[in-house]
Amino acid sequence: MHPSNRMMKSHFYFMRHSLGFVNIFFRYHPGPHWDLMHRTALDLTPVQVAEERRLAMGMMHATERGIVALKAAYRHYRQDARQPDPAIGTLIEDVKAVGRAQSYLGYEMIPYHLKGYAILDASQKIRYHKLARADWMRMEQMMHKMRMH
């Protein structure tokens, strides 16, 4: 599978299994990848760009690990649930493992997003909030138009 297709599939899987991360957290704290996309508007220094890249890569790897763990937990749960006479305790532990893996996808990005924000100076933080709000409003407008058609 082409790397961009794999990344897109991972993105959509994350969106479905991250406990509302995008609507609840991302809209206010869009994170290091977003910071890099807006590096010119934010006037990031070369040191800040390097740190944002490091955070973005760490976040990407953590998310990939989380997706692999969640898929494995679901596979294990399905396998145990298919048994003719499954043990209640085993199934409960399987469900808990799925919950832990999904919770991880709901929180693993938070530190990266907040650390990316923390490296900004005061004037960059003001621009950040204005840009993030404008981006979110554009995204909501696009989603509204898509629902109307």
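## Salt bridges within helices

Helices in this account are DSSP runs of at least four residues, numbered from the N terminus. Arginine 54 and glutamate 51 both belong to one of them, helix α5 (residues 46-81), where three residues, about one turn of the helix, set them apart. The model is a predicted one.

The structure contains three salt bridges. In one of them, arginine 54 is joined to glutamate 51, with 2.5 Å between the closest N and O atoms. Glutamate 51 has a relative accessible area of 26% and is therefore partly exposed.

A salt bridge also connects the side chains of glutamate 93 and lysine 96, at 3.7 Å from N to O. These two residues are separated by about one helical turn, because they stand three residues apart in helix α6 (residues 88-107). Glutamate 93 is partly exposed, its relative accessible area being 42%. Lysine 96 likewise counts as partly exposed, at 44% relative accessibility.

In helix α8, aspartate 135 and arginine 138 are three residues apart, about one turn of the helix. They form a salt bridge whose closest N and O atoms are 2.2 Å apart. Arginine 138 has 46% relative accessibility and so counts as partly exposed.

## Aromatic pairs and a cluster

The count of aromatic pairs comes to three. In one of these, tryptophan 34 meets tyrosine 128 edge-to-face, with 5.2 Å centre to centre and 80° between the planes. This pair links distant parts of the chain: tryptophan 34 belongs to helix α3 (residues 31-37) and tyrosine 128 to helix α8 (residues 122-148), 94 residues apart. Tryptophan 34 and tyrosine 128 are both buried.

Tyrosine 128 also pairs with tyrosine 117 in a tilted arrangement, at 4.9 Å centre to centre and with 55° between the planes. Because tyrosine 117 lies in helix α7 (residues 110-118) and tyrosine 128 in helix α8, this pair ties together parts that are 11 residues apart in sequence. Tyrosine 117 is buried, as is tyrosine 128. Together, Trp34, Tyr117 and Tyr128 make up one aromatic cluster.

## A nonpolar surface patch

Met8, Phe12 and Met15 make a nonpolar patch of about 290 Å² on the surface. Phenylalanine 12 is located in helix α1 (residues 3-17). Its relative accessibility is 46%, so phenylalanine 12 counts as partly exposed. Patch members need over 30% relative accessible area.

Notes:
Residues are numbered from 1 along each chain as its sequence is written. This is a predicted model: local features need pLDDT of at least 70, side-chain atom pairs count only at pLDDT 80 or more; totals for chains, interfaces and linings use all residues. Side-chain values use heavy atoms; hydrogens and water are left out. Rings of Phe, Tyr and Trp (its six-membered ring) pair if their centres lie within 6.5 Å; planes under 30 degrees apart count as stacked, over 60 as edge-to-face and the rest as tilted. Buried means under 20% relative accessible area, exposed over 50%, partly exposed in between (1.4 Å probe, protein chains only). Patches are made of residues with over 30% relative accessible area and no salt bridge: like charges are joined within 9 Å, nonpolar side chains (Val, Leu, Ile, Met, Phe, Trp, Tyr) within 5 Å. Accessible areas come from the Shrake-Rupley method with a 1.4 Å probe; for residues, only the protein chains shown count as cover. A salt bridge is a side-chain nitrogen of Lys or Arg within 4 Å of a carboxyl oxygen of Asp or Glu.
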